[in-house]
Structures are given as C-alpha cells and as structure tokens.
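Reader: I would like to go through this model with you, beginning with how its chains meet. Could you take my questions in turn?

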Amino acid sequence: MSETYRGIWVVAFRELLRFVADRSRMISSFMFPLIFLVVFGAGFSRIVGRLEGDVNFIQFIYPGIIAMTVVMSSLFAGTSVVVDREYGFLKEVLVAPLSRVGIILGKALGGSLTALIQGTIMLAIAPLVGLSISPLLVLQLLPTLLVLSLSLSGLGILMATRMRSQQGFQFLMQLMVFPLIFLSGVFFPVQGVPTWLQIVAKFNPLTYGVDAIRQIFLGPRASGSVAELPGNETISTGVILFNHPMGIIEDVAVIGAIGAVLLLAGVWSFSRTEA
Amino acid sequence: MPIIEVDNLSKQFGEIKAVDGVSFKVEEGEVFGFLGPNGAGKTTTINMLCTLLRPTSGQARVAGLDVIKDKNDVRRAIGLVFQETTLDDYLTAEQNILFHALAYAVPSEVRKQRTKELLTLMELWERRKSKIRTYSGGMKRRLEIARGLVHLPRVLFLDEPTLGLDPQTRNRIWEYILDLREKQGLTIFLTTHYMDEAEHSDRIAVIDHGKIVALNTPDSLKDQVGGDVLTISSDNNELVEDELRDKYGLVPEVNNGTVSVRVPGGEEFLPQFVRAYEGTLQSIGLRRPTLEDVFLHLTGREIRDEKVDERALMRNAMRARYR
Ligand SMILES: Nc1ncnc2c1ncn2[C@@H]1O[C@H](COP(=O)(O)OP(=O)(O)OP(=O)(O)O)[C@@H](O)[C@H]1O
Ligand SMILES: [Mg+2]
C-alpha cells in the first residue's frame, strides 16, 4: 500500500515541479480558451442578445471557458506520460519501488492540480466580463474543477498508455479536443441542438462540467430554465437528463462516475503495458 | 547465498531471441562484468533482472527475491544506471535527485548528506541548480550515476555507465564505487565496452547472440586465449612472417605494419627468435593477452573499433532517444 501512496504524491509532486519549470506550457494552455472567449464573445454577443436573468453571451460562455482551460491542461497528464516515455524518464519512474496504480493516479493528480491552478488564474478575469466572485463561489468551484480535471486526466492517460510518440499522441488529442469542447455546451445550450447531438453531448463529461460551473456563476436559474432566443423561441440553457434538470451536485456526481471509469481503465491499461 | 541467481533466463521479441537461456550466479560484494558485442542481449538481461521486462521463460532472483513475483522488493534493493539518458530535462540536478530520493523513501537527513557527497564527487555540486537541459553529455552521465547511488542499493546495475567520460573522471568514479563495495558489500553488475573498466571485474561473463559463451575471472579468460602476444616490426615484415610460419609453425597476422603472433611461453620464445632472425628488427614487444584479445577470440569481433565507434554509439543512443 505504501508503494501506492508514495507513487501518487511523488509523481504528482514532480508534475508540479515541472509545471513551475516550464512556463511555455502554462501560456499555451491559456491562449486557446482566451482566444475563444474574445472571438466568440465579441462576435456573437450582439446577435445573441440577452439571456434570462440579464445574462449576456460573454457571461454565458465564460464558465465554459474556465472548464475548457481545465480540460486542456488535464489532458496534458496524458502528454506527460508520452513525453516521459519518449525521453526516457518513465524508466526511472518504473524501476523505482512505486506501484503502477500509484504512478498513474499520481499523474492524474499532478495534472489536475496544475489544471486547478490554471482554472483559478482564469477566475481573475471574471470581473472583466461583469461577474462577481465570492468566497462561497470559490468554495463551490474548486472541488468541481478538481473532479472535472481528475476525470479528464483519466481520459488523457487512457489515450496515452498505448502511444509511443508525441506526434501520434498530439494528433489523437486534436481529434478528441474539438468534439469534446464543441459538444459540451460551452457555446450553446445543449438542449438546443438536434436530438442525436444531444445524445452525444450527454456522454461527454465536459457537458456536466460546463453546466455545473455555469450554475455556480450564474445561479441555478441558468439551468433548467429557459433562454429567449431571437425569434421568441425558448430553450433551457441547462442540461436535462431523463427529464430531470441537473443540479450542481448531480452534475459533479456524473463527472465523478465517468472519471472513475476512465481512471480505472487507464490504470488497467498502463499496468498491462508496463511490466 | 548468491545475491543474483539466474536460471535459464530467456527473452524473445517476436522472431529475435534476445536472451537465450542464460544461467549464472553473482556473489554479494562481487563486481560482475557482463561483456558482449552490440545487440548481444546485455541490456535485455539487465531489464529482466531489474523487473522492467517480463522474461519469456526462466527465473531470476535478486537479493533473494523473485524478479517476477516480488517486483517492488527487488526494486527497493537495486540501483540502475541506464544505458540511455533518463533524466528530467526541465528539472535541475538537485530536483532530479530529490525525486529519486522521495521515490525510494530515503530519509531527508540521509538524502541531504548523500546528495552533497555524490554531487561533489561528480563535480556537479556547483551546477546543482542548473536545469539538465544546460548540461553536457558527460555531466548528464555523471548525474545518472550519482542518482543511482542515492538510495544505497545492495546491487548496482551499470549499463555502460561511463560512456563518453574522460579517463580521470572514470577513475574517480570507480574508486568511489569500489570503496562502497569494501565498506558496504555493494554488488556491481556491469556492462561496458571499455576494457580497462572491465578489468575491475572479479568475474566476467561474455555473452554473444543471447548465450553466455564464457564465464570466468579475467586472468583465467586471458589464459584461455592461448599464449602471450608478440608484436614485431622490422624492415621486412614478410621475412618475419615467413620465419614465424616456417621455422616455428606459428600463425602470424599483420596489422598496421606490425606483425603479431600468439605464442605460449613468450618469455622463452623471444630471445630464441631474436638470435635466429636474419634481417634487422626495429622493435619487438611481448604482452599478456588483454580482455580485448579474449573478446576477439570468443566473439570474432573487436570490442570497439577505436574512437569512431564511440561516436557511433553516442549517435545511436541519441537516435534511440529521439525516435
Ligand atoms: N523492445 C524490443 N523489441 C524488439 N527487439 C528488441 C527490443 N529490445 C531489444 N531488442 C533486440 O534484442 C537484441 C538484444 O538487444 P540488447 O539491447 O539487449 O543488446 P545489448 O547487448 O544491450 O547491446 P548494446 O551493446 O548495443 O547495448 C537486439 O537484437 C535488439 O534488436
Ligand atoms: Mg545495451
């Protein structure tokens, strides 16, 4: 058991050391979400108009952008496994008296903690989009982000365990990241798309992450209620699962469940590849 | 009880039998040399003994522990310096050592003392806060060796540890390692392409095509080659060759303008040959066979072809990293 605990914290500790040492990574994982926020926010806010509760479009997508930041840097846990394998450091880790389960959970935890730091930094621009931050909000947000990032680290690691080259992995990541982000309700209410897309989106853990974070910022009104769209059509901005509008706790539970499955699969796959 | 026991160990990669039924024992406190040409199966054997690779068949015990069943206990008992670089480039030397010490649960007092001792020995103490990215190849190599010793392993596996290091540094490292062997009974399992380094071994196993072709002390291996080596140069090398062949029934070889020949009891033969030789001799030398000769004799290959070979090895190592 001690090999598992030690594995978790030692590996996570090194991820943090490395995060601090490598600034380019930090910047690159901010760029993407920020560009989206500016481009989409500025581009659409005029057309889309106000949503219920006096929420404008930038405020509507901002919680999703935080989720997106966290997702991008969580998936990096996978990149880190592939890079370590490519540059040899993985051997140093594997020959140490650490259990395989511990190593993988440590990678996930390390990735999540760095994701959490980045998500928190993104909070700084909340006042710029006209949203206020309270201690209660932070207290709700951090555990939600942690569960979300652990879950997506699981996905990154699962993809990484079989990959030998960084290029191959990057390609696979690009392939995953776009559907993951666009089919998650960051930019539009999930309930407003054709049924088949709704079904796909409801298998996406990020969907619940975005919904939970949005409710934390905009209040439960944003979920399960309606948004007025041009043309007087109305749809819910929240996620409705089996006719039930999801609350924050329920969202987090769903992400946690999907994450547990992904992490277990990742651990299993990794222990099989590395003796 | 031997500290390493290997019984009929094999590893197959698809069609390739990388290691083909090797068996040997290493005693505690021994320096065990594991020599062989490129691709002979040295690293594969080490990987199996270090629990990184599952054997296709056979068994091995290290420090009395089974390498398949008691992986984590074996890992705790060993230190491994890999053939290729396994450092984290983005961290400093100190952080790389810190990671290692934490992973092996080295108490922090011991860690601080050993870090200082080892980094000073490797002449890296001043550079301990620099990122590995800024290190030269030799500095990285030295750090890897230091790291492998931080947790005081019982068995130290060194896979071509001093490739690319200058002779003074190599000597200093060896002095330290042999001292640890004296004081703590450290066992060393070594692969190398440097023959002077192999001379540190108490016993040497020569592996070729996955099979052990000889296992003995360096002296016995040299005796096995058959006689001393006589090197002669003269104005007329052909005459020397003819005489050696016709008068004494020996088999001379010409390399770089010198004739070399293997004779049992070289001390007696030398004066006899000089007295009877009819031309003019320029120089004549007699030496015991070296491990180089042993290697050539057993595998039909030079252990290394001069400096060019070293660079080629480095290149291969680099290529392997970036593949
Ligand atoms: N992962 C692998 N997959 C397939 N073949 C492998 C693998 N690892 C090693 N081999 C093969 O096994 C054989 C032995 O390789 P090994 O690395 O053990 O040689 P070595 O004695 O360490 O050589 P060198 O002196 O070059 O380091 C080689 O033919 C090599 O190609
Ligand atoms: Mg090798």
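Reader: How many residues of chain B are in contact with chain A?

Author: In this predicted model, 33 residues of chain B contact 26 residues of chain A.

Reader: What area is buried there, and which residues of chain B supply the most?

Author: About 2,700 Å² is buried between the two chains, with carbon and sulfur atoms giving 61%. B:Tyr90, B:Phe99 and B:Leu102 supply 23% of the area that chain B buries against chain A, more than any other three residues.

Reader: And how many salt bridges cross the interface?

Author: The rule finds 5 between chain B and chain A. One pairs B:Glu84 with A:Lys91, whose closest N and O atoms are 2.3 Å apart.

Reader: Which element of chain B gives the most to that side?

Author: α3(B) does, with 7 residues. The side of chain B that touches chain A divides into 16 nonpolar, 7 polar and 10 charged residues.

Reader: Changing topic: what does the salt bridge of B:Glu28 and B:Arg154 tie together?

Author: B:Glu28 lies in the loop between β2 and β3 of chain B, and B:Arg154 in the loop between α5 and β7, so the pair links parts that are 126 residues apart in sequence. Their closest N and O atoms are 3.5 Å apart.

Reader: Is B:Arg181 buried or exposed, and what of its partner B:Glu182?

Author: B:Arg181 counts as buried, at 17% relative accessibility, whereas B:Glu182 is exposed, at 61%. Their side chains meet in a salt bridge of 3.7 Å, N to O.

Methods
Residues numbered from 1 in each chain as written. Chains lettered and ligands numbered in written order. Predicted model: local features only at pLDDT ≥ 70, side-chain atom pairs only at ≥ 80, totals over all residues. Heavy atoms only, no water. Contact = heavy atoms within 4.5 Å. Buried area = accessible area lost by both parts, 1.4 Å probe. Salt bridge = Lys/Arg side-chain N within 4 Å of Asp/Glu carboxyl O. Helix = DSSP H or I, 4+ residues; strand = E, 2+ residues; numbered from the N terminus. Nonpolar A, V, L, I, M, F, W, Y, C, P; charged D, E, K, R; others polar. Buried < 20%, exposed > 50% of the residue type's maximum accessible area, 1.4 Å probe, protein only.
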